[in-house]
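Reader: I am new to this structure. Could you show it to me and take some questions?

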Amino acid sequence: MSVAGIHHVTAMAGAPGRNRHFHAEILGQRLVKRTVNFDDPSTWHLYYGDAAGRPGSALTFFPWPHIAPGHPGDGETVETAFRAPAGAIGFWRERLESHGVACAEDERQGRRALTFRDPDGMAFAIIGVAGAEDEPAWTVPGIDEAQALRGFESVTLAVPDPEATAAILRDVLGFRHSEARPGYLGLAGSDSPLTAVEIAQSAYGTRPRLGAGSVHHVAFRAADDAAQAAMAQTLRERFGIAATEQRDRNYFRSIYFREPGGVLFEIATDGPGFAVDEDPGHLGESLKLPPGLEARRETIAARLPSLEREDA
Ligand code: ZN
């Protein structure tokens, strides 16, 4: 069994309450998991996605209330694009602008794309895609099925040598070359619905400094442990790049490596998914901890910052 596509995108944010308000209430994503950074349990790890947070829809954040903004450089993810029904772009423009979010529009292969930034400066697009209205939707008050976001359409990477990054996506992660905007290399997965990666050339001459609004890593899909191990083997044998040992992230199992352009890539298994430790009908409603941290629950919970907006 093989599947290629985006699994999740993980970014860095400032105030957690502001992050939750923007992504769950304004963009209408489901908060599918509230847990902590397993490597730093004093920090939230918030997962947003569609109703199930299935691979291809999960946007996750490490929010640090006092983090400095990120600075751009060579080797980073410069845009994360969601898919929405083709007729919903006007709705989204109006909704975002009514919340004081500046928007711009461009056209990509005949499709309308709305671009904007979240309160931490992370760059997003919503792309109007014909047929997206037939995909399952998570709806919240004010956003109905004809408008709701449907998971990721693409991520855009900016690296010094796009071909070198494309080779990893193609030969290790199972993507194939596809059409893209002029000036970008395009690759598409084999998942359904399709997710894509666009690669632009960057020429800063320096590495980015990650901070609020920066994407920390992009995770790609592996159907299971065996598929993940095969990908790691190809990476090692063909590209001389060693991935980390597998780490258990509770909701998936992951390995990590830095691709030749400098972007941190993760390969994550499709399973077990977000229903592994709570009822699918109540995802994200309470703090979930991995077994190793359960004994310290009270201390951890007391130190976590509020998920309510400070200015609300
Ligand atoms: Zn990840």
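Author: The answers below cover the metal site, the sheet, the salt bridges and some unusual backbone spots. Keep in mind that this is a predicted model.

Reader: Which residues coordinate the zinc ion?

Author: The donor atoms sit at 2.0 Å from the zinc ion. Two are NE2 atoms of histidines, and one is an OE atom of a glutamate. In sequence the donor residues follow the spacing H-x208-H-x48-E. They are H8, H217 and E266.

Reader: How many residues apart in sequence are the parts that H8 and H217 tie together?

Author: H8 lies in strand β1, residues 6–13. H217 lies in strand β13, residues 215–222. The pair therefore ties together parts whose separation in sequence is 209 residues.

Reader: Is H8 buried or exposed?

Author: Buried means under 20% relative accessible area. H217 meets that mark, and so does H8. H8 is buried.

Reader: Which strands stand at the edges of the open sheet?

Author: Eight strands form this sheet, and their pairing is mixed. The order is β2-β3-β4-β1-β13-β16-β15-β14. An edge strand has a single partner, so one side of it is left without a neighbour in the sheet. The edge strands are β2 (30–37) and β14 (247–248).

Reader: Which residue in β3 does N37 stand opposite?

Author: β2 pairs with β3, residues 40–49. The pairing is antiparallel and runs over seven bridges. Opposite N37 stands D40.

Reader: At about what angle does helix α4 run to β15?

Author: Helix α4 covers residues 225–239. It lies across β13, β15 (253–258) and β16. Its angle to β15 is about 15°.

Reader: Which residue forms a salt bridge with E278?

Author: The structure holds 21 salt bridges. In the one made by E278, the closest N and O atoms are 2.7 Å apart. It links E278, in the loop between β16 and α5, to a residue of strand β2, 245 residues apart. Both partners are buried, and the partner of E278 is K33.

Reader: How far away from K288 is the nearest side chain of opposite charge?

Author: K288 lies in the loop between β16 (264–269) and α5 (291–294). K288 is in contact with several residues, including K33, R34, Y251 and E278. K288 is buried yet has no salt bridge, as a salt bridge needs a nitrogen within 4 Å of a carboxyl oxygen. The nearest side chain of opposite charge is E278, at 4.7 Å.

Reader: Which residues are linked with R83 in a network of salt bridges?

Author: R83 meets E135 in a salt bridge of 2.8 Å, N to O. E135 lies in the loop between β8 (123–129) and β9 (152–159) and R83 in strand β5 (residues 76–85), so they tie together parts 52 residues apart in sequence. R83 is buried at 2% relative accessibility, and E135 is buried at 16%. The residues linked with R83 in the network are R111, E135 and E153.

Reader: Which side chain does E198 meet in a salt bridge?

Author: E198 is in strand β12, and its partner is in the loop between β10 (176–178) and β11. They are 17 residues apart, and both are buried. The N to O distance is 2.6 Å. The partner of E198 is R181.

Reader: What is omega for the cis peptide bond that joins S192 and P193?

Author: P193 is found in the loop between β11 (185–188) and β12 (196–201). A cis bond also runs from G271 to P272, with omega near 0°. P272 is in the loop between β16 and α5. For S192 and P193, omega is about -5°.

Reader: What value is phi of Q109 near?

Author: Q109 is in the loop between β6 (104–108) and β7 (111–117). Q109 is partly exposed, with a relative accessible area of 39%. Its phi is positive, in a residue other than glycine, and is near 50°.

Reader: Is N250 buried or exposed?

Author: N250 lies in the loop between β14 and β15. Its phi is positive too, near 70°. Its relative accessible area is 18%, and the mark for buried is under 20%. N250 is buried.

Notes
Residues are numbered from 1 along each chain as its sequence is written. This is a predicted model: local features need pLDDT of at least 70, side-chain atom pairs count only at pLDDT 80 or more; totals for chains, interfaces and linings use all residues. Side-chain values use heavy atoms; hydrogens and water are left out. Helices (H or I, at least four residues) and strands (E, at least two) are DSSP runs, numbered from the N terminus. Buried means under 20% relative accessible area, exposed over 50%, partly exposed in between (1.4 Å probe, protein chains only). Lys and Arg count as positive and Asp and Glu as negative; His and the chain ends are not counted. Contact means heavy atoms within 4.5 Å. Donors are N, O and S atoms within 2.8 Å of the metal (3.2 Å for Na, K and Ca); water is not among the atoms, so sites may look incomplete. Two strands pair if DSSP finds at least two bridges between them. Axes are lines fitted to C-alpha atoms, for helices over the stretch in contact, and angles run from 0 to 180 degrees between N-to-C directions. Lists of a residue's contacts leave out its neighbours within four places in sequence.
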